[in-house]
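Okay, thanks for coming, everyone. I'll put the sequence and the structure up on the screen, and then we'll walk through them together.

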Amino acid sequence: MSDHVYKSLELTGSSSVGIEDAISKAIAKASETVRNIQWFNVVETRGHVVAGKVAHWQVTLKVGFTLE
């Protein structure tokens, strides 16, 4: 394994389906413009409640990518 330098950025994904879907959407969108994404770390999870039920999820994550 060679040595790498990483940069990280913070994203917030949202979904009415669930936490994993919110994470996947955020990473997929970032992948459109950011190359070499290697890892993510969930920083915060929030939700919106309507009529006593979870209606929407928001997940904030740090995403790390290698610099070229």
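So, a question to start: which residue in β3 is the bridge partner of glutamate 44? It's threonine 60. Keep in mind as we go that what you're looking at is a predicted model.

Let's build the sheet up from that pair. β2 and strand β3, which covers residues 53-66, run antiparallel and are joined by 12 bridges. Another pair you can find there is valine 49, whose bridge partner in β3 is valine 54. The two strands form a hairpin, with two residues between them. Have a look at alanine 51 in that turn: its phi is positive, at about 55°.

Now the other side of β3. β1 pairs with β3 over 10 bridges, again in the antiparallel sense. If you want a landmark, leucine 11 stands opposite leucine 61 in β3.

Put that together and you get an open sheet of three strands, in the order β1-β3-β2, with antiparallel pairing. The edge strands are β1 and β2, the latter being residues 37-50, and each of them pairs on one side only. On average, neighbouring strands here are turned by 15° against each other, if you ignore direction. As a bit of background, strands of a sheet pair through backbone hydrogen bonds, and that can be parallel or antiparallel.

Next, the helix. α1, residues 19-31, lies across β1, β2 and β3. Relative to β1, α1 runs at about 130°.

I'd like to finish on one residue, serine 15. You'll find serine 15 in strand β1, which spans residues 6-15. Is serine 15 buried or exposed? Serine 15 counts as buried, because its relative accessible area is 1%, and the cut-off for buried is under 20%.

So who are its neighbours? Leaving out residues up to four places away in sequence, serine 15 touches Asp21, Ala22, Lys25, His56 and Trp57. With one of these, aspartate 21, there's a polar contact between the two side chains, at 2.5 Å. And there's glycine 18 too: its backbone nitrogen lies 3.3 Å from a polar atom of the serine 15 side chain.

That's the tour, so over to you for questions.

Methods
Residues numbered from 1 in each chain as written. Predicted model: local features only at pLDDT ≥ 70, side-chain atom pairs only at ≥ 80, totals over all residues. Heavy atoms only, no water. Helix = DSSP H or I, 4+ residues; strand = E, 2+ residues; numbered from the N terminus. Buried < 20%, exposed > 50% of the residue type's maximum accessible area, 1.4 Å probe, protein only. Polar contact = N/O pair within 3.5 Å; in protein donor to acceptor, adjacent residues only side chain to side chain. Contact = heavy atoms within 4.5 Å. Pairing = 2+ DSSP bridges. Axes fitted to C-alpha atoms, helices over the stretch in contact; angles between N-to-C directions.
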